[in-house]
Amino acid sequence: VQPLPDGIISLGMEGFRFTTRGGLVSYTSSDRLLYGMSCMSYSMPLGQISFAGKANTICNVDLATGSVAGVYEFDTPGTALLKRSTRRNQICCGSLSGSVSIHDSRSLDIID
């Protein structure tokens, strides 16, 4: 569950749902790319939420449309979004293999 200014995002095994503060379901997304995702991170200035999990991808979803805005693929499956820096637009990710990487939150490219 990720609280947002306008409502709440809840993540399930087959996608996510945005529910307004009043309890109404605004939209549900069950894009095939979101299957198996288990963690998420929100970016206020971009209006995007990033999902990761058992697959070897991170998906950025535009909250205005509910559609996938970008996908980044990893060499190894099992990625967790650990922390998002709002000032630097970076996402810190960890994998099941123990590696940690820092990504640009807009392009999802690895920052050296």
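**Aromatic cluster, nonpolar cores and strand pairing**

In this predicted model, ring pairs join Phe16, Phe18, Tyr27 and Phe51 into a cluster. Across the whole structure, a search identifies three aromatic pairs. One of these is formed by phenylalanine 16 and tyrosine 27, whose rings lie 6.1 Å apart centre to centre, with 85° between the planes, an edge-to-face arrangement. The pair links distant parts of the chain, since phenylalanine 16 belongs to strand 3 (residues 15-20) and tyrosine 27 to strand 4 (residues 25-29), 11 residues apart. Both phenylalanine 16 and tyrosine 27 are buried.

In soluble globular proteins, nonpolar side chains tend to be buried together. The largest nonpolar core of the present model comprises 14 residues, of which Ile9, Phe16, Leu34, Ile49, Phe51 and Leu63 touch the most other members. Two or more residues are given to this core by each of strand 3, strand 5 (37-43), strand 6 (48-53) and strand 7 (57-62). Strand 5 makes the greatest contribution, with three residues. A further core of eight residues lies apart from the one just described, and its members include Ala52, Ile91, Cys93 and Leu108.

The surroundings of isoleucine 9 were examined in detail. When residues up to four places away in sequence are not counted, isoleucine 9 touches Val1, Gln2, Leu4, Phe16, Arg17, Phe18, Met40, Ile49, Phe51 and Leu63. Phe16, Phe18 and Phe51, which appear among these contacts, also belong to the aromatic cluster.

Serine 41 is located in strand 5. Serine 41 counts as buried because its relative accessible area is 10%, under the cut-off of 20%. With residues up to four places away in sequence again not counted, serine 41 is in contact with Gln48, Ile49, Ser50, Leu81 and Arg84.

With respect to strand pairing, four strands make up an open sheet in the order 1-2-3-4, with antiparallel pairing. Strand 1 (2-3) and strand 4 stand at the edges of this sheet; each has a single partner strand, so one side of each is left without a neighbour in the sheet. Within the sheet, strand 2 (residues 7-12) pairs with strand 3 in the antiparallel sense over six bridges. Glycine 7 has threonine 20, in strand 3, as its bridge partner.

Antiparallel pairing over six bridges is likewise found between strand 7 and strand 8 (residues 67-73). In this pairing, valine 61 stands opposite valine 68 of strand 8. Strand 7 and strand 8 form a hairpin in which four residues lie between the two strands, and glycine 66 in the turn adopts a positive phi of about 75°.

The cysteines were also considered. A disulfide is a covalent bond between the sulfur atoms of two cysteines. The count for this model is zero disulfides. Cysteine 59 takes part in none, the nearest cysteine sulfur being that of cysteine 39, at 11 Å. Cysteine 59 counts as buried because its relative accessibility is 0%. For cysteine 92, the closest cysteine sulfur is that of cysteine 93, but the separation of 6.7 Å is too far for a bond, given a cut-off of 2.5 Å. Cysteine 92 is partly exposed, having a relative accessible area of 23%.

Note on methods. Residues are numbered from 1 along each chain as its sequence is written. This is a predicted model: local features need pLDDT of at least 70, side-chain atom pairs count only at pLDDT 80 or more; totals for chains, interfaces and linings use all residues. Side-chain values use heavy atoms; hydrogens and water are left out. Rings of Phe, Tyr and Trp (its six-membered ring) pair if their centres lie within 6.5 Å; planes under 30 degrees apart count as stacked, over 60 as edge-to-face and the rest as tilted. Buried means under 20% relative accessible area, exposed over 50%, partly exposed in between (1.4 Å probe, protein chains only). A nonpolar core is a set of buried Ala, Val, Leu, Ile, Met, Phe, Trp, Tyr and Cys residues joined through side-chain atoms within 4.5 Å. Contact means heavy atoms within 4.5 Å. Two strands pair if DSSP finds at least two bridges between them.
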